[in-house]
Amino acid sequence: MTEEVVISAQGLTKRYGATVAVDHIDLDVRAGEIVGILGPNGSGKTTTILMLLGLTEPTEGRAEVAGFDPLRDPLEVKRRVGYLPDSVGFYDGLSARDNLAYTGRLAGLSRREIDQRFTEALARVGLPDVGRDRVATFSRGMRQRLGLAEVLMKRPSIAILDEPTATLDPHSTQEFLGMIRGLKADGTAVLLSSHHLDQVQSVCDRVALFNRGRIALSGSVTELAQRVLGGGHVIDVEARGDAVRNQLAAVPGVVRVQVLAPELYRVDCERDLRAEIARRLAPSFDLLGIRFAEPSLNEVYTRYFDEVRDAA
Amino acid sequence: MRRRGSPFTGVGVVLAKETADYLSGARMWVLEALVFLTAIAAAYAAILSIRANIGESPFLFLRLLTMAQDPLPSFIALLGFLIPLIAIAIGFDAINGEFTRRTLSRVLAQPIYRDALLLGKFLAGLVALAIGLFSLWLLTIGLGLLLLGLPPNTEEMVRMLGFLVATIAYGGVWLAVALLFSVVFRAPATAALAALGVWLLFSLFWSVVTPLVATLIAGPPEGIFGPNIAYLDTAQVLDRISPNTLYAEIALALLQPATRALGPVLYSQVQGALLGAPLPAAQSFILVWPQLTGLVAAMIVIFAIAYVVFQRQEIRA
């Protein structure tokens, strides 16, 4: 991943009369990075996206997207950004090809480029044979894929995806997440808005948690977990033998030991105790594995908003 | 802050797509068929009447458009009634349809300004309307050639072309009204109803409203010494707020060459005039120039209002 910042927002604010939709947010996204934006409905995610695209004017602050100011150079920004809105809509009476050819022409692509890129994009999203079919016959999942194909046709340096998997079944969701990873592999920066925390966690390098128009937390899931769930470390230990749990509990610095499954233990520690645990267990037990447990974004999110509610 | 890039980027693409949609859509086909059938029936009925009295007028083709034959009204009366309906049918869901289909944010995420979308849609509607009317114009002339056995003279062609342009401008006004409501109301049905309401106001109720308002402003129609001129002037000004009045006056002056004035004429003004003698086409055009520019201006002003409202709207679906 390069360090080039492709989306940068400083103090970005949007007010509608007395209502503050987005309140002085700072956000950076680097090339080839997938950043998830999370938060309850009405927390300012979509408004932020619209400001980054130049589709709505910020009241304060500034943004730079692909090197251009969306307020001053919205056309340059939109040339470089692929946008998939939530519940993407198409012209039902037109074929998939005609729909994408229209936006392709608006994007300035030649007829030849449209033909070539359309075939490639459709194959990549798993819809190789539906180009001539009317979109009216498409399922929701197919429409979402077609929306992603439109993004791919543009060959953008940045893709902004607003709740792309909201209407998909589990299998299609997994495929779609694979396509998002494919964008990252192409070097495209992805800004992903979603309510599905497990999906965000599975594809995103970093996460920004929105609350009431502000970015309340941002960083990797591990960083967020340390800030929200506490400063300790969580280690998963796989070991075979009697009294493993007791042995783990006896290690100085261990706060709690949970049995997740036979031979699998989760250990809450005050610090990184992997080496110490390995030394203690290795002589007496079959130590099968020891690693940091992946913190759950779901747990982070729930705990954070519980605390916000309790504080209120 | 000034935006970079032309606001017209993408107008051509929107224009081409929307024109194709309008011309191939079932809604347009139905409306066009309705107009063609009724207008051609009216023209045919007029031809039968004209053939019986051929030689009475040097402007046979113009009579084709103006002559009514029971039970059908004249060709121009039918057009004046139906053109607003077509224009409203074209424009009532132009913008709110994009919202309801959830295509607006997708389209505006492409490198175009919303100016281009609105202008492209308006121009496409106007082009579709113009294509339909031009076809009808050619068809009527063809029918006249076949059944009358005479070609139209140059004067008639010029007047009919002027009438065609005025009809397109008249349709443009109603298209702009429909487009405005499609921007203001998110529900297409509400926009259609609002536009039809305005049309009904001007086509049915305006002739009732204007005398009442004119009386309130300028006093009763009859004064002590005869007609109240202030009342007549006020009523005429109010009447001309309606695009239907402007269009009817243009049709009258262009298609009935003997028309020498539009509105009340004093006896002193017609002294020495050869009543019933046709005016040259150029004189008739001078006579209707204010009405024609009025229609074009109304179209531009209503479009400009729609433009301002659209610019201030949030794009979020």
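Two residues are in contact if their C-beta atoms, placed from the backbone, lie within 7 Å. The model is predicted: local features need pLDDT (the predictor's confidence in each residue, from 0 to 100) of at least 70, side-chain atom pairs count only at pLDDT 80 or more, and totals for chains, interfaces and linings use all residues. Residues are numbered from 1 along each chain as its sequence is written, while chains are lettered from A and ligands numbered from 1 in the order in which they are written. The predictor assigns the complex an ipTM of 0.85 and a pTM of 0.86. Chain B has an average pLDDT of 89, and 97% of the residues score at least 70.

**Exercise 1. The contact between the chains**

Task: Determine how many residues each chain gives to the contact, and describe the side of chain A that touches chain B.

Solution. Step 1: chain A supplies 25 residues and chain B supplies 22 residues. Step 2: on the side of chain A that touches chain B, the elements giving two or more residues are α1 (45–52), α2 (74–80) and α3 (96–106) of chain A. Helices (H or I, at least four residues) and strands (E, at least two) are DSSP runs, numbered from the N terminus. Step 3: by class, this side of chain A has 14 nonpolar, six polar and five charged residues. Here Ala, Val, Leu, Ile, Met, Phe, Trp, Tyr, Cys and Pro count as nonpolar, Asp, Glu, Lys and Arg as charged, and the others, Gly among them, as polar.

**Exercise 2. The surroundings of α3(A)**

Task: Establish why α3(A) is described as largely enclosed, and identify the elements against which its buried residues pack.

Solution. Step 1: a residue is buried if 20 or more other C-beta atoms lie within 10 Å of its own, exposed if 12 or fewer, and partly exposed in between, with C-beta atoms placed from the backbone. Step 2: nine of the eleven residues of α3(A) are buried, so the helix is largely enclosed by the rest of the structure. Among them are N99(A), Y102(A) and R105(A). Step 3: the buried residues of α3(A) pack against α4 (111–124) and α5 (140–153) of chain A, and also against α1 (11–24) and α6 (104–108) of chain B. Step 4: just after α3(A), G108(A) adopts a positive phi of about 90 degrees.

**Exercise 3. The open sheet of chain A**

Task: Give the strand order of the six-stranded sheet, then place β3(A) within it.

Solution. Step 1: the order is β5-β6-β7-β3-β8-β9 (chain A), in an open sheet with mixed pairing; two strands pair if DSSP finds at least two bridges between them. Step 2: β5 (81–84) and β9 (214–219) of chain A stand at the edges with a single partner strand each, so one side of each is left without a neighbour in the sheet. Step 3: from one strand to the next, the twist averages 15 degrees. Step 4: β3 (residues 34–38) of chain A runs parallel to β7 (residues 189–193) of chain A, joined by four bridges. In this pairing, V35(A) has L191(A) as its bridge partner, and G36(A) stands opposite L192(A). Step 5: four bridges also join β3(A) to β8(A), again in parallel, with I37(A) opposite A208(A). Step 6: five of the five residues of β3(A) are buried. I34(A), G36(A) and L38(A) point one way, and V35(A) and I37(A) the other way.

**Exercise 4. Two helices of chain B**

Task: Describe how α7(B) and α8(B) pack, and classify the residues in their contact.

Solution. Step 1: α7 (residues 114–148) and α8 (residues 154–184) of chain B pack at an angle of about 145 degrees, with their axes 9 Å apart. Axes are lines fitted to C-alpha atoms, for helices over the stretch in contact, and angles run from 0 to 180 degrees between N-to-C directions. Step 2: the crossing of α7(B) and α8(B) is right-handed; a crossing is left-handed if the near helix is turned anticlockwise from the far one by less than a right angle, and right-handed if clockwise. Step 3: the contact includes F122(B), L129(B) and W137(B) of α7(B), and M160(B), I168(B) and L175(B) of α8(B). Step 4: by class, the contact of α7(B) with α8(B) comprises 13 nonpolar, four polar and one charged residues.
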